[in-house]
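Visitor: Got a minute? I'd like to walk through this one with you.

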Amino acid sequence: MSAEPTNIPISSRRPALAGWSNRLIASRRFQKWAAHFPLTKRLVRREGEALFDLLAGFCHSQILMALVKFDILSILMDAPQTARALAHRASVPEDRMIVLLRAAVSLGLLKKKRGDRYHLSRTGAALVGVPGLPQMIAHHDVLYRDLSDPVAFFRGEVDTELAGFWPYVFGGDMDPVAAETYSDLMAQSQVLVSEDTLRTVSFKDTKVLMDIGGGTGAFLTAAGQQYRKLKLKLFDLPQVAPAAVARFADAGMSERAEVLPGSFRVGTIPEGADTISLVRVLYDHSDETVTDLLAKCFAALPSGGTLVISEPMSGGDAPERATDAYFALYTMAMRTGKTRSADEISALCASAGFAEIQVFSAARPFVTRCLTAKKL
């Protein structure tokens with residue numbers, strides 16, 4: 001009688017090995033041993049702390065939001081303060097303020113030195129200085145409510161508030177107050193995006209740059225300041241046009257900047273630019289809308305024209321925290337948005353007719369990543 005074959009294919013062994021490894025790591029007996037064995041105890045502690053940070057992450061976010069809404073970080077920019085003084089300014093019981101301040105110290109946002117005064121840490125001071133970050137943190141109460149039932153959220157059963165906060169993504173009209181709110185938040189958040197985009201992509205050969213969905217012109221203003229001969233066109237909703245006109249006037253760019261009111265969801269995109277930029281636009285919209293927008297951009301550009309796309313992009317097969325564990329959820333909560341990988345965006349550009357698609361490495365993926373494409 002011949003023996004049973006023992007040469008099991010490697011592909012068949014891997015699931016079994018993975019299952020054995022997972023069961024070993026999950027074993028309490030193994031965990032107790034590893035926590036005390038000299039060669040593994042540090043690793044066990046680090047992984048345990050990382051797991052606890054995931055568990056406590058929502059509390060950490062709420063501590064951060066409390067600091068921002070009480071304006072504690074801005075107050076401490078000028079001078080250290082006692083818990084009593086901060087409690088009085090925030091109308092919070094002193095014992096509760098102490099809990100908040102100690103929590104902020106544990107998260108590295110504050111420091112407590114001599115006496116009972118609290119100081120900003122380097123991280124806390126940096127947070128205050130990041131354009132738009134305090135405003136975005138304060139705005140996150142909307143996102144947190146949308147995520148309060150994550151099971152319903154991922155099943156698509158939540159009528160999310162965030163979609164109402166950004167009504168422009170549905171292509172409808174906005175009242176002036178809503179337009180001003182979203183425009184201000186967008187302009188603040190565009191500062192870092194503009195910096196990284198202009199460091200990554202050169203516009204030295206561009207004569208006319210048109211920014212689609214450019215809000216009040218924050219990116220175009222930054223581009224115009226760096227390239228003094230560059231002519232600028234902004235195409236966005238009529239509700240934000242007055243603020244864009246005012247921004248260009250304040251920057252001394254009125255003679256070379258033109259504001260073109262309109263919606264890319266309706267009708268065509270104006271011609272006349274040899275480069276079109278889409279800065280944090282695509283991830284606000286569905287594949288259908290993006291496909292239509294890219295086709296319109298292709299039609300509006302002359303031969304040899306360039307398309308520039310700048311926005312946070314998914315890591316794709318190599319997921320990244322900032323994009324795949326934050327922006328992907330944020331855009332999902334908007335109900336029309338989608339965080340795409342560079343490969344996905346490249347494929348959409350190619351389908352629209354673009355060629356010579358180039359994806360650039362990102363200095364700060366949590367801020368933006370850039371891609372360029374040509375109309376040959």
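Guide: We can take salt bridges, cysteines, a sheet and a helix in turn. Keep in mind that this is a predicted model.

Visitor: Fine. How many salt bridges are there?

Guide: The count comes to 14 salt bridges.

Visitor: What does R145 pair with?

Guide: R145 forms a salt bridge with E161, and the closest N and O atoms are 2.7 Å apart. R145 sits in helix α8, while E161 lies in the loop between α9 and α10, 16 residues apart.

Visitor: Is R145 buried, exposed or partly exposed, and which is E161?

Guide: R145 is partly exposed, with a relative accessible area of 42%. E161 counts as partly exposed too, at 37%.

Visitor: Which residues are in the network with them?

Guide: K69 and D141 are linked with R145 and E161 in a network of salt bridges.

Visitor: What about K233, which residue does it meet?

Guide: The K233 side chain meets that of E258 in a salt bridge, 2.7 Å from N to O. This pair links strand β5, which holds K233, to strand β6, which holds E258; the two residues are 25 apart in the chain. K233 is buried at 15% relative accessibility. E258 is partly exposed at 35%.

Visitor: And R369?

Guide: R369 forms a salt bridge with E320, with the closest N and O atoms 3.3 Å apart. E320 is in the loop between β8 and α15, R369 in strand β10, 49 residues apart. R369 is buried at 16%, whereas E320 is partly exposed at 25%.

Visitor: Switching topic. How many disulfides?

Guide: Zero, from a search of the whole structure.

Visitor: Why does C297 have no bond?

Guide: Because the closest cysteine sulfur, in C349, is 8.9 Å from the sulfur of C297, which is too far for a bond. C297 is buried, at 0% relative accessibility. C59 is partly exposed, at 48%.

Visitor: Now the sheet. In what order do the three strands run?

Guide: The order is β1-β3-β2, in an open sheet with antiparallel pairing. β1 and β2 stand at the edges with a single partner strand each, so one side of each has no neighbour in the sheet.

Visitor: How many bridges join β2 to β3?

Guide: Three bridges join them. L110 stands opposite L120 in β3.

Visitor: Which helix packs on that sheet?

Guide: Helix α6 does, touching β2 and β3. The α6 direction makes about 105° with that of β2.

Visitor: Last one. How much of α12 is buried?

Guide: Seven of its nine residues are buried, so α12 is mostly covered. Among them are F219 and L220.

How values were computed. Residues are numbered from 1 along each chain as its sequence is written. This is a predicted model: local features need pLDDT of at least 70, side-chain atom pairs count only at pLDDT 80 or more; totals for chains, interfaces and linings use all residues. Side-chain values use heavy atoms; hydrogens and water are left out. Buried means under 20% relative accessible area, exposed over 50%, partly exposed in between (1.4 Å probe, protein chains only). Helices (H or I, at least four residues) and strands (E, at least two) are DSSP runs, numbered from the N terminus. Two strands pair if DSSP finds at least two bridges between them. Contact means heavy atoms within 4.5 Å. Axes are lines fitted to C-alpha atoms, for helices over the stretch in contact, and angles run from 0 to 180 degrees between N-to-C directions. A disulfide is a pair of cysteine sulfur atoms within 2.5 Å. A salt bridge is a side-chain nitrogen of Lys or Arg within 4 Å of a carboxyl oxygen of Asp or Glu.
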